[in-house]
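Biologist: I have a new chain open on my screen and would like to go through it with you. Could we begin with a term I will need along the way?

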Amino acid sequence: MDSQEVLNMENGEVKGMSNKDGPHLIRNAHTMSSSSLRKRSDPMLLPKVRCRILRQFLSNLQEVILGTKLCLLFPAIPLAVLAKCYQFGRPWIFALSLMGLTPLAERVSFLTEQIAYFTGPTVGGLLNATCGNATELIIALFALHQKKILVLKYSLLGSILSNLLLVLGTSLLCGGLANLKKEQLYDRKQSDVNSLLLLLGLLCHVLPLMFKYAAASTDTFTAISTLQFSRASSILMLTTYLAYLIFQLKTHRQIFESQEHNHWVKLKTVDQLSYPQAEDGDDEKALIGFWSAFSWLVGMTVIIALLSEYVVGTIEAASDSWGVSVSFISIILLPIVGNAAEHAGSIIFAFKNKLDISLGVALGSATQISMFVVPLCVIVAWIMGVNMDLDFSLLETGSLTFAIIITAFTLQDGTSHYMKGVVLSLCYVVIAACFFVHKNPSVHESTTDSLRVIKSATGILTA
């Protein structure tokens with residue numbers, strides 16, 4: 001009995017599930033990018049295990065834990081827990097937690113893809129769209145719970161900047177150098193849609209900042225008006241993102257799927273990189289059962305939540321110990337480490353001259369953070385009674401503005417070369433250097449000042 005039969009026994013049958021006789025997954029840029037870091041573990045010892053439940057568990061364990069090239073980072077998870085329990089240095093807890101989040105983010109993508117085999121392409125697409133940036137969302141929610149609004153804003157801003165400049169820039173740079181004698185083309189339709197959404201999100205960030213500087217009234221009234229405007233804008237942003245999901249998954253699915261799916265089917269080298277059994281032609285098959293994937297997904301989400309709490313709770317201690325500002329750690333280090341798996345996959349496909357996939361990963365993630373995660377945090381903060389607005393301050397909003405505009409100009413002609421990657425990468429280096437030398441105020445001090453201003457404004461309005 002092989003591992004495929006074991007996983008199907010979960011559902012009461014011993015039948016291989018492929019794209020011919022069962023639910024299949026429509027691959028998009030995110031699933032294909034994360035697949036490039038996966039590997040198949042050797043199941044040769046499984047038939048010797050007599051206990052069916054144990055054999056099934058070992059099969060799932062091999063696929064989930066050992067089925068990634070990042071499995072060497074999994075020991076950082078128990079080390080982070082031990083460091084927390086035995087009161088090791090808080091910078092060590094921060095570093096180990098950050099390392100442990102890297103393979104977990106890739107495994108969440110893998111598990112949502114496995115669930116999508118059983119739920120169909122529409123529900124699977126919604127799962128991938130929702131869980132695509134699960135790590136950033138969980139970190140943001142814990143920062144919100146601890147009322148570290150600056151850390152929350154910095155981390156979300158860093159995710160957008162990282163995807164637009166670092167991921168896309170290094171992908172175009174590596175792809176251009178690896179394909180010097182080839183013309184690199186990509187479909188502009190997908191990038192145009194994402195650029196429009198990013199510009200809309202940018203408008204919702206710029207207007208509160210402009211309102212603050214243009215208002216002639218006192219700071220108290222400006223703060224409460226900015227908060228109210230931010231909440232209204234967040235509702236509109238979430239509505240727009242819902243329309244984008246309908247556009248992506250239903251009405252214009254071909255814009256986001258056709259190029260990537262055709263490349264996946266035609267290129268055996270990519271299939272062999274992800275799953276060696278693709279040589280036999282069966283390249284779309286669920287590796288674990290539905291309930292196993294769901295259980296593993298819940299468990300890993302809990303672990304991500306635990307490590308995210310460690311990261312948020314120790315980020316200031318790491319900043320003081322390393323002599324680096326909280327803004328630099330949140331904007332630069334957190335996104336790089338948290339999305340390392342997805343970023344590496346994007347670069348791998350750029351090497352293979354599959355820029356549609358690389359653009360789908362970078363722009364798709366940036367759009368999701370800007371139009372879904374950020375406004376969702378504002379609404380959740382509203383429900384929790386925490387005052388969070390869309391004003392990301394002048395330096396941060398200016399960096400976001402230039403990043404979106406430069407990216408839009410870079411992608412306007414549908415062709416690519418390594419010089420575009422050089423420009424985007426250097427833009428990221430300049431922004432990183434800026435936040436490295438920028439010394440922001442204490443997170444707690446800034447949050448306390450903001451709360452004091454808004455409370456005083458509320459008292460004046462009530463009086």
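Modeller: Let us begin with contact, which means that heavy atoms lie within 4.5 Å. Please keep in mind throughout that this is a predicted model.

Biologist: Fine, so which residues of helix 17 meet which residues of helix 18?

Modeller: From helix 17, the residues L395, E396, S399, I406, T407 and T410 take part, and they meet K420, L424, C427, I431, C434 and F435 of helix 18.

Biologist: And how do the axes of helix 17 and helix 18 run?

Modeller: The axes of helix 17, which covers residues 394–410, and helix 18, which covers residues 418–437, come within 11 Å and cross at roughly 175°. Angles over 145 degrees count as roughly antiparallel, and therefore helix 17 is roughly antiparallel to helix 18.

Biologist: What about helix 7 and helix 13, at what angle do they cross?

Modeller: The axis of helix 7 (residues 134–145) comes within 9 Å of the axis of helix 13, and the two cross at roughly 50°, so helix 7 is described as oblique to helix 13. The crossing of helix 7 past helix 13 is right-handed.

Biologist: Which residues meet there?

Modeller: On the helix 7 side they are T135, I138, I139, F142 and A143, while helix 13 brings T301, I304, A305, S308, E309 and V312.

Biologist: Staying with helix 13, is S319 buried or exposed?

Modeller: S319, which is found in helix 13 (residues 290–322), has a relative accessible area of 7%, and because buried means under 20%, S319 counts as buried. Not counting residues up to four places away in sequence, S319 touches V324, S325, V326 and I329.

Biologist: New topic: how many residues does the largest nonpolar core have?

Modeller: The largest nonpolar core has 98 residues, and those with the most contacts inside it include F94, L111 and M388. Helix 8, residues 149–178, gives the most to this core, with 15 residues.

Biologist: You named M388, so what is M388 in contact with?

Modeller: If we leave aside neighbours within four places in sequence, M388 is in contact with L144, I149, L152, K153, L227, C377, V378 and A381.

Biologist: Last one, how many helices and strands does the chain have, and what share of residues is buried?

Modeller: The chain has 19 helices and 2 strands, and buried residues make up 55% of its 463 residues. As for the outside, the chain exposes about 19500 Å², of which carbon and sulfur atoms supply 67%.

Methods
Residues numbered from 1 in each chain as written. Predicted model: local features only at pLDDT ≥ 70, side-chain atom pairs only at ≥ 80, totals over all residues. Heavy atoms only, no water. Core = buried A, V, L, I, M, F, W, Y, C linked by side-chain atoms within 4.5 Å. Buried < 20%, exposed > 50% of the residue type's maximum accessible area, 1.4 Å probe, protein only. Helix = DSSP H or I, 4+ residues; strand = E, 2+ residues; numbered from the N terminus. Areas by Shrake-Rupley, 256 points an atom, 1.4 Å probe, with all protein chains shown as cover. Axes fitted to C-alpha atoms, helices over the stretch in contact; angles between N-to-C directions. Parallel < 35°, antiparallel > 145°, perpendicular 65-115°, else oblique. Left-handed = near helix turned anticlockwise from the far one by under 90°.
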